[in-house]
Amino acid sequence: LDQQRKLVKEYIDFLKLETAKLRENEERYALAVKHSRGGICIIDPQTKQILEPNLQLCNMLAYTEQELTELTFPELYADSKLADSDLNNIIQQALYAVNSRKLMKKNGEIIEVNIHTCWSFGMTDNFIIVNVEDVTEQNKAQQVLNKYRILLEQAQDIIIFCGMDGQILETNKQAERVYGYNPDELQSLNVSELFSAAEKQRLAQYLNEACAKGIVYESVHCRKDKSTFPVEISSQLAIFGTEKVLVNVIRDISERKRILQELEYFNTHDSLTRIYNRTFLEEAIERIILSQSSAKNALLLIDIDNFSIMNKALGHNLGDQMLVDVAEVLKRNVREQDVLARVGGDEFGILMPNVSLQEAKFFAAKLRRTLAESEININKAYLPYKINICIGITLFDHKSLNAHEVFAHAGQALFQSKAQG
């Protein structure tokens with residue numbers, strides 16, 4: 001009997017211990033449910049009634065605990081058909097999860113949720129435990145992120161994110177297309193490796209200014225094949241959470257540079273003949289006058305005889321070609337230091353530094369002979385006329401007033417030359 005009493009006591013103590021453990025587990029479970037970030041409730045699989053909703057679920061749906069326990073879970077759905085389908089699937093499966101479901105709050109507002117369920121099997125009754133996660137803001141943020149991702153990938157500009165040490169973190173598709181690297185290759189590079197050798201020396205200065213206040217500057221970048229191209233870079237600091245990142249928006253300005261070069265070229269050159277224009281010639285004369293040199297210089301003004309008649313007879317296209325041919329002959333015969341320009345419709349000017357009047361006259365006579373005998377008069381069916389030119393010459397030095405005065409004197413000489421045939 002003593003032995004039996006001892007065994008009974010040990011068994012009772014064991015049951016008490018297990019009961020205490022069970023109570024602790026229940027308390028821990030209740031505490032976990034109470035402080036869960038998600039909404040949790042228990043559903044009766046027979047009636048679909050909501051049982052024991054936690055505070056988070058009540059706050060999420062703007063109901064009191066009493067109000068929620070008077071509802072069935074399908075009544076929370078904005079789409080009743082989808083609710084029935086989900087509940088049937090939940091009942092048939094021990095574990096079930098559905099994403100992006102719309103639930104209606106008490107005030108009629110719609111929220112997006114992810115739902116996770118599992119069964120709780122008891123001695124007498126079975127219940128469904130439901131975890132509801134509000135993902136409304138998360139989905140909105142993801143939609144915004146997707147829009148920015150599309151903009152990033154569709155952008156015609158190069159976009160490069162790099163760390164404070166210059167290590168490339170992320171790029172868009174345009175960067176891959178322009179530089180010729182694949183994404184992994186680009187992200188293995190430091191941004192300095194995209195700069196030409198001459199520009200790398202200034203990179204530290206650019207990065208410091210970008211971090212301080214943002215910067216827009218021009219530079220030269222290198223492709224994978226080592227070819228270079230001009231770029232405009234807008235660089236500034238951005239902070240994502242605790243991470244500091246430099247955002248670089250890079251534009252290939254090769255076309256812009258080409259257009260600017262053309263504009264600069266045609267600011268000083270004639271668009272038809274590709275020799276200098278009157279503006280450049282006048283500036284060259286002004287520079288000589290301002291140099292205070294006592295050396296004599298000559299300006300020759302050349303006019304093609306009867307050009308207007310030939311232009312009408314041949315047509316403007318062939319007339320233009322004649323001017324181009326004449327310019328080519330003149331270009332081949334001027335000295336390296338001379339300046340040849342087209343100064344009017346069929347007028348050309350030649351600035352000859354450091355010459356005497358005799359040398360200028362000799363050169364003028366040579367030009368007349370050369371043009372008269374040039375190949376543009378031979379076997380050219382479209383040009384059956386012999387080209388004759390008249391030339392007016394003036395000498396000038398630092399005592400001349402300005403280029404306009406020099407041109408006026410040369411123009412007067414040209415008029416006299418034409419009058420004398």
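Colleague: Where does glutamine 416 lie?
Modeller: Glutamine 416 lies in helix H15, residues 403-419. Helices and strands are DSSP runs counted from the N terminus: H or I over at least four residues for a helix, E over at least two for a strand. Bear in mind that this is a predicted model, where local features need pLDDT of at least 70, side-chain atom pairs count only at pLDDT 80 or more, and totals for chains, interfaces and linings use all residues. Residues are numbered from 1 along each chain as its sequence is written, and side-chain values use heavy atoms, with hydrogens and water left out.

Colleague: Why is glutamine 416 called partly exposed?
Modeller: Buried means under 20% relative accessible area, exposed means over 50%, and partly exposed is in between (1.4 Å probe, protein chains only). Glutamine 416 has 42% relative accessibility, so it counts as partly exposed. Its C-alpha atom is 9.3 Å from that of isoleucine 391, which is 25 residues apart from it along the chain.

Colleague: And what makes threonine 242 count as exposed?
Modeller: Its relative accessibility is 84%, so threonine 242 gets the label exposed. Threonine 242 sits in the loop between S9 and S10.

Colleague: How is the confidence of the protein described?
Modeller: By pLDDT, the predictor's confidence in each residue, from 0 to 100. The average is 86, and 92% of the residues score at least 70. Among the elements, helix H1 (residues 2-34) has the lowest mean, 70, and strand S13 (residues 339-342) the highest, 97. Where pLDDT is low, the predicted coordinates should not be read in detail.

Colleague: What makes S6 and S10 a pair?
Modeller: Two strands pair if DSSP finds at least two bridges between them. Strand S6 (residues 158-162) and strand S10 (residues 243-252) are joined by five bridges and run antiparallel, so they pass the test of at least two. One bridge puts isoleucine 159 with valine 249 in S10.

Colleague: Which strands count as the edges of that sheet, and what is the reason?
Modeller: The sheet is open, with five strands in the order S7-S6-S10-S9-S8 and antiparallel pairing. Strand S7 (168-171) and strand S8 (215-222) are the edge strands, each pairing on one side only. From one strand to the next, the twist averages 30°.

Colleague: How does helix H9 sit against the strands?
Modeller: H9 (residues 203-212) lies across S8, strand S9 (228-240) and S10, at about 145° to S8. Axes are lines fitted to C-alpha atoms, for helices over the stretch in contact (heavy atoms within 4.5 Å). Angles run from 0 to 180 degrees between N-to-C directions.

Colleague: How do you know that the length of H13 agrees with expectation?
Modeller: The expected span is 1.5 Å times one less than the number of residues. With 18 residues, H13 should span 26 Å, and its end C-alpha atoms are 26 Å apart, which agrees. Among the buried residues of H13 are Met322, Leu323, Val326 and Leu330. Their cover includes S12, H12, S13, S14 and H14.

Colleague: Why is S14 called largely enclosed?
Modeller: Five of its six residues are buried, so S14 is largely enclosed by the rest of the structure. Six bridges join S14 to S12, antiparallel, with leucine 299 partnered by leucine 351. Four bridges join S13 to S14, also antiparallel, and a hairpin of four residues connects S13 to S14. Arginine 342 stands opposite phenylalanine 348 there.

Colleague: Which residues have the most contacts inside the largest nonpolar core?
Modeller: Such a core is a set of buried Ala, Val, Leu, Ile, Met, Phe, Trp, Tyr and Cys residues joined through side-chain atoms within 4.5 Å. The largest has 28 residues, and Leu300, Ile304, Phe348 and Ile350 have the most contacts inside it. H13 gives the most to this core, with six residues. Apart from it lies another core of 26 residues, including Tyr96 and Val113.

Colleague: What is odd about the phi of serine 100?
Modeller: Its phi is positive, about 55°, although serine 100 is not a glycine. Most residues other than glycine have a negative phi. Serine 100 is in strand S3 (residues 95-104). Lysine 48 also has a positive phi, about 65°, and is found in the loop between strand S1 (39-43) and strand S2 (50-51). At 22% relative accessibility, lysine 48 counts as partly exposed.
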